[in-house]
Amino acid sequence: MTKIFVTDPAGRETALEAENGEPLMKVLRAAGLGIKGSCEGALSCGSCHVHIDPATNNLLEPPAEDEIDMIDLADGAIPTSRFSCQIRISPALEGLRLSIPA
Ligand code: FES
């Protein structure tokens, strides 16, 4: 299990113990934090958009080209925007902080 910290659209922070190997989108959706994941990770819906805290962005591998292309189209994108369906939980993500845009 890997501990991550998530701020929901209302500004409340939740600490989650996430199963290693799971897509981050599924962890957030299961926790009821406002992530839909409508396309189940096919990188076509944008409903799994999150903002990574810049202080922990270095824990993540950079996004692939197809993810970058979709981020460019996302409402409210910031330099550390990611699509959570493209991130797999691993021990390297211990302490990751992110927020879910309203
Ligand atoms: S779940 Fe649809 S783009 Fe991530």
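These are my notebook entries on the sheet, the core and the salt bridges of this structure.

**Entry 1: the sheet**

I kept in mind throughout that this is a predicted model. I began with the strand order and read off β2-β1-β5-β3-β4, an open sheet of five strands with mixed pairing. Next I looked at the edges. β2 (13-18) and β4 (81-83) sit there, and each has a single partner strand, so one side of each lacks a neighbour in the sheet. I also noted the twist, which averages 35° from one strand to the next.

**Entry 2: β1 and its two partners**

I went to β1, residues 2-7, and checked it against β2: the two pair in the antiparallel sense over six bridges. To fix the register I looked up Val 6, which stands opposite Thr 14 in β2. The β1-β2 hairpin has five residues between the strands, and there I found Gly 11 with a positive phi near 95°.

Then I turned to β5, residues 97-99. It runs parallel to β1, and three bridges join the two strands. One register point I wrote down here is Thr 7, whose bridge partner in β5 is Ser 99.

**Entry 3: the core**

Which residues have the most contacts inside the largest nonpolar core? I got Val 6, Leu 24, Leu 28, Leu 96 and Leu 98, in a core of 25 residues. I then asked which elements give two or more residues to this core, and the list came out as β1, β2, α1 (24-30), β3 (49-52) and α2 (65-73). The largest share is from α1, with four residues.

Val 6 turns up twice in my notes: it is among the residues with the most core contacts, and it faces Thr 14 across the strand pair.

I picked Leu 24 for a closer look. Leaving aside residues up to four places away in sequence, Leu 24 touches Ile 4, Ser 84, Ile 87, Ile 89, Leu 96 and Leu 98. Two of those names, Leu 96 and Leu 98, are also among the residues with the most contacts in the core.

**Entry 4: salt bridges**

How many salt bridges does a search of the whole structure find? The search gives four, and I followed up on some of them.

I started with Arg 97 and Glu 13, where the closest N and O atoms are 2.7 Å apart. This pair links distant parts of the chain, with Arg 97 in strand β5 and Glu 13 in strand β2, 84 residues apart. I checked exposure too: Arg 97 counts as partly exposed at 30% relative accessibility, and Glu 13 counts as partly exposed at 48%.

Next came Arg 29 with Glu 40, whose closest N and O atoms are 3.0 Å apart. Arg 29 is in helix α1 and Glu 40 is in the loop between α1 and β3, so the pair ties together parts 11 residues apart in sequence. Arg 29 has 29% relative accessibility and counts as partly exposed. Glu 40 is partly exposed as well, with a relative accessible area of 48%.

I also looked at Arg 82 and Glu 67, with 2.8 Å between the closest N and O atoms. Here Arg 82 is in strand β4 and Glu 67 in helix α2, 15 residues apart, and the pair links distant parts of the chain. Are these two buried or exposed? Arg 82 counts as buried because its relative accessibility is 6%, and buried means under 20%. Glu 67 counts as buried too, at 2%.

Note on methods:
Residues numbered from 1 in each chain as written. Predicted model: local features only at pLDDT ≥ 70, side-chain atom pairs only at ≥ 80, totals over all residues. Heavy atoms only, no water. Pairing = 2+ DSSP bridges. Axes fitted to C-alpha atoms, helices over the stretch in contact; angles between N-to-C directions. Core = buried A, V, L, I, M, F, W, Y, C linked by side-chain atoms within 4.5 Å. Buried < 20%, exposed > 50% of the residue type's maximum accessible area, 1.4 Å probe, protein only. Contact = heavy atoms within 4.5 Å. Salt bridge = Lys/Arg side-chain N within 4 Å of Asp/Glu carboxyl O.
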